[in-house]
Each structure stands twice: as C-alpha cells, then as structure tokens.
Amino acid sequence: MSMEETTNLTEQIEAHETVGKPGRYWHYVEDKSAIHCDLCPRACVLKEGDRGFCFVRKNEGGQMLLTTYGKSTGFCIDPIEKKPLNHFLPGTSVLSFGTAGCNLGCQFCQNWSISKSREIEILSEHASPEDIAQAALRMGCRSVAFTYNDPVIWAEYAIDTAKACHAIGLKTVAVTAGYITPVARPEFYSVMDAANVDLKAFTERFYKKVTLAALEPVLDTLKWLKHESNVWFEITNLVIPGENDNPDEIAAMCDWIVTNLGEEVPLHFTAFHPDFRMMDVPPTPPETLTRAREQALRAGIKYAYTGNVHDSGGGSTYCPNCKTCLIERDWYEINNYHLKDNKCPKCNCTIPGVFEENHGNWGRRRQPVNLNNMA
C-alpha cells in the first residue's frame, strides 16, 4: 500500500469513528494522563489517540470510544448447532453477526480476516440494535448470536442489541473466549440466554504462546457462569495436533470441568483446520476427537460431542442413564428427536438445557443476509 493510500485509509477510518459510541468499563490513571480499560484482563492503558490490543476501543478526548458500535462485518442465518449449542433450542435458526477486532491473538484464528483487520471498520454494514432484532424476527430466527469475533470487546453494542431482542421475544447467544473481567462480566451476561465458551487449552503455556492471553481468567468466567448466573452455557475445545491434544491435558481439563462445573455442562471437541499463522499444522484426525470424547465420557462428563467433522454418533445427544439416542444429528441437521418435556421417554431421565416440545427444522443451511436490502 502506498503512502497516499495509507493516508486515505486512515482518514476514512477516522471519519467513520464518529459512528462509534462512548464505551464503559474504564477509569483514569492516577494523574489522568491516560485511561485504563477495565473490560478484559489485558488492562490496556491508553493515552490520547491510543487503541487497545483489540483495536476497536480508543482513547478519544480522554474518554473511551467503541469505534465499531453499530457496525457489523456481516450477517448470516446459521443453525444453532453451529455455535455450537446442542442443548439450546435444537434445530432452530439464529441470526449471527460480529464486528472487527479481538482481545486475543490466536495464531489459529479462523476468522482472522475480520478479527485482525485494521481496514474493516470502513467496510462494515451499519445496523442499530433495533434493526438487528427486527430483522431476526422477520426472518423467523429464534435467537441472535454475537459471534465471529469476540463480543466482549464490543460489549456495549452486544448488550444494547440483546435488550432489543428480549423486548420482542428473541433469545440471545454469546460465542466467546470468556476473556472478561469480573467488573464487566455481570452486565454482559445478564442479557445473554446462552453462551458457548472456547476453552482453548488447559495450560498457561498454550494460552501465552498461542493465544497471547491467559487461562486463569477463562476458568474464572466458567465458574462464575455456573455458580453465579442463569446463562445456559456449553464449552468448546478446538483440538490442535501437537499443541493441546495430549491425553493427559485433556484428562486434566475434563477432571477440572467435573469438579468445578459439574457433569452436565456439554463439552464439544472440534477439529482444527490450518489457518492464519498455523498453516503448517495438520488437520485434527477424526480419531483424535473420538478419543477425546471417550475420555470425557469416562471422566464423568455426561454430554460430550465431536465437531467440524462428519460424525453422526459424536454429534448426537444420548441419555446418560439408558444410552437411548435422543437427538440424532447429521452435521447440523436433526434426523430424529425423541425428547419429551426435557426427559428421556424411555427412562424419564431429565436432560439439562433449553428444549421445546418440537425441534426446529432449519437444517444445516447457512444464509448470508444483507440488512440494508431488507424492507
């Protein structure tokens, strides 16, 4: 990019920032020469004009500005199982969207084109919280998901959109790494009906080296969700060959989940595919996911799944008591559904989650949506 193109791009970005909105979750440093971000554990200290690690939170005029408020990198109707959530309104459609930036630095990011972009702010689609909620309702979605990049960094936009959704009877979903402070956590999750939390590994070494973050705050979030909130949540572990696929590490993670969160939190082991800065790492063998799922079941986790691979058995939901297949899935499509009032019809065992008498029939479709073209 030439100097002239760089200058023009900078001017366009600065012009678009007027669409942003003052952010919360910050305080002044002692001499008021900078502001301290209280949203995520990075605790960025920003002087005038500085942006945080996430790139979308900026010190402008001595105040925090969320530069991506009202801007989305795109909308798509997904099956809820793609989040992945297997125990939350199975088979229904969810309107999914994200913005730019991220507060983690995952070397394997599969959405790096938006999470790492410095240009995407000026290319984004503008949509108010009310626009999004009304669009989801018109398209027959049961929920709206804040995803693609981590909604923690655009918490104010996600919270306002969630409130607009609740006002018209829609549910809300956060797909997140759980990298948020105790200060911001209660308000953010108070408007979320469900969440999928990426537990990316179970060692501080991995988090520091591969995500440029830390494990302990994520574990704190998971414990808080279980014991201090009413949010239905499930956990995803992306299994990366040579990085976090050691059976001992997976065993330790499963034991921690059982001890701290209980046996009924669903755990998804998903396949890695080479991307971003980890193109030299091979895809996860399906047998690695199967082994991890079997480990989790032996450890006492009642609902363990495989994902990102074609594995009907590993993607289906079984009664932990009598082993009856209650929800048979092929990819994200439901072929058979046998739950009755959240219970197994054979042995009457209660299955935790948010279920309805009839499952949705959205199937495995993904439908991009342009809100600007909708009436």
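These numbered points go through the pockets, the cavity, three sets of strands and two helices of a predicted model.

1. The largest pocket comes first. Its volume is about 1100 Å³. The lining counts 42 residues, and K82, K83, P84, Q110 and D198 are the closest to the centre. Elements that supply two or more lining residues are β12 (171-176), β13 (194-198), β14 (232-239), β15 (267-271), β16 (304-307) and α10 (312-315).

2. Which element gives the most to the lining of the largest pocket? Strand β16 does, with three residues. By class, the lining of this pocket holds 18 polar, 14 nonpolar and 10 charged residues.

3. The second largest pocket has a volume of about 190 Å³. It is lined by 13 residues, and the closest to its centre are L297, K302, Y318, P320 and K323. Two or more lining residues come from each of α9 (286-299), β16 and β17. Strand β16 is thus listed for the largest pocket and for the second largest pocket. The class count for the second largest pocket is eight nonpolar, three charged and two polar residues.

4. Now the hairpins at β17, β18 and β19. Strand β17 (residues 317-318) runs antiparallel to β18 (residues 325-330), and two bridges join them. T317 has I327 as its bridge partner in β18. Six residues separate the two strands of this hairpin. K323 lies in the turn and has a positive phi of about 70°. K323 is also among the residues closest to the centre of the second largest pocket.

5. Strand β18 also pairs with β19 (residues 333-337). The pairing is antiparallel, over four bridges. E328 has N336 as its bridge partner in β19. This hairpin has two residues between its strands. How does phi stand for W331 in the turn, positive or negative? It is positive, at about 55°.

6. One open sheet has three strands in the order β2-β3-β4, with antiparallel pairing. Strands β2 (26-28) and β4 (45-46) are at the edges with a single partner strand each, so one side of each lacks a neighbour in the sheet. Between β3 (residues 35-37) and β4 there are two bridges. H36 is opposite V45 in β4.

7. A second open sheet also has three strands, in the order β1-β6-β5, and its pairing is antiparallel. Its edge strands, β1 (21-22) and β5 (57-60), each pair on one side only. Four bridges join β5 to β6 (residues 63-66) in the antiparallel sense. N59 is opposite M64 in β6.

8. How many cavities of 30 Å³ or more does the structure hold? One. The largest cavity has a volume of about 90 Å³. Its lining consists of C37, L39, C40, R42, C44, L46, G52, F53, C54, R57, N103 and I153. Eight of these residues are nonpolar, two are polar and two are charged. Some of the lining can be placed in the sheets described above. C37 lines the cavity and falls in β3, residues 35-37. L46 lines the cavity and belongs to β4, residues 45-46. R57 lines the cavity and falls in β5, residues 57-60.

9. Helix α3 (residues 129-138) has P129, I132, A133, A135 and A136 as its buried residues. Seen down the axis, they fall within an arc of 165°, so they line one face of α3. The spacing fits a general rule. An α-helix has 3.6 residues a turn, so residues three or four places apart point the same way. What covers the buried residues of α3? The cover includes β8 (74-79), β9 (93-98), β11 (143-146) and α4 (155-167). Just after the helix, G140 has a positive phi of about 80°.

10. Helix α6 (residues 204-211) has F206, Y207, V210 and T211 buried. Their arc around the axis is only 100°, which puts them on the same side of α6. They pack against β13 and α7 (216-228). Strand β13 also gives two or more residues to the lining of the largest pocket. L212, just after α6, takes a positive phi of about 55°.

Technical notes. Residues numbered from 1 in each chain as written. Predicted model: local features only at pLDDT ≥ 70, side-chain atom pairs only at ≥ 80, totals over all residues. Heavy atoms only, no water. Buried < 20%, exposed > 50% of the residue type's maximum accessible area, 1.4 Å probe, protein only. Arc of directions from axis to C-beta. Contact = heavy atoms within 4.5 Å. Pairing = 2+ DSSP bridges. 1 Å grid on protein atoms, 1.4 Å probe; cavity = no way out; pocket = protein on both sides within 12 Å on 5 of 7 lines; lining within 4 Å. Points joined across faces, edges and corners; volume = space filled by probe spheres on them. Nonpolar A, V, L, I, M, F, W, Y, C, P; charged D, E, K, R; others polar.
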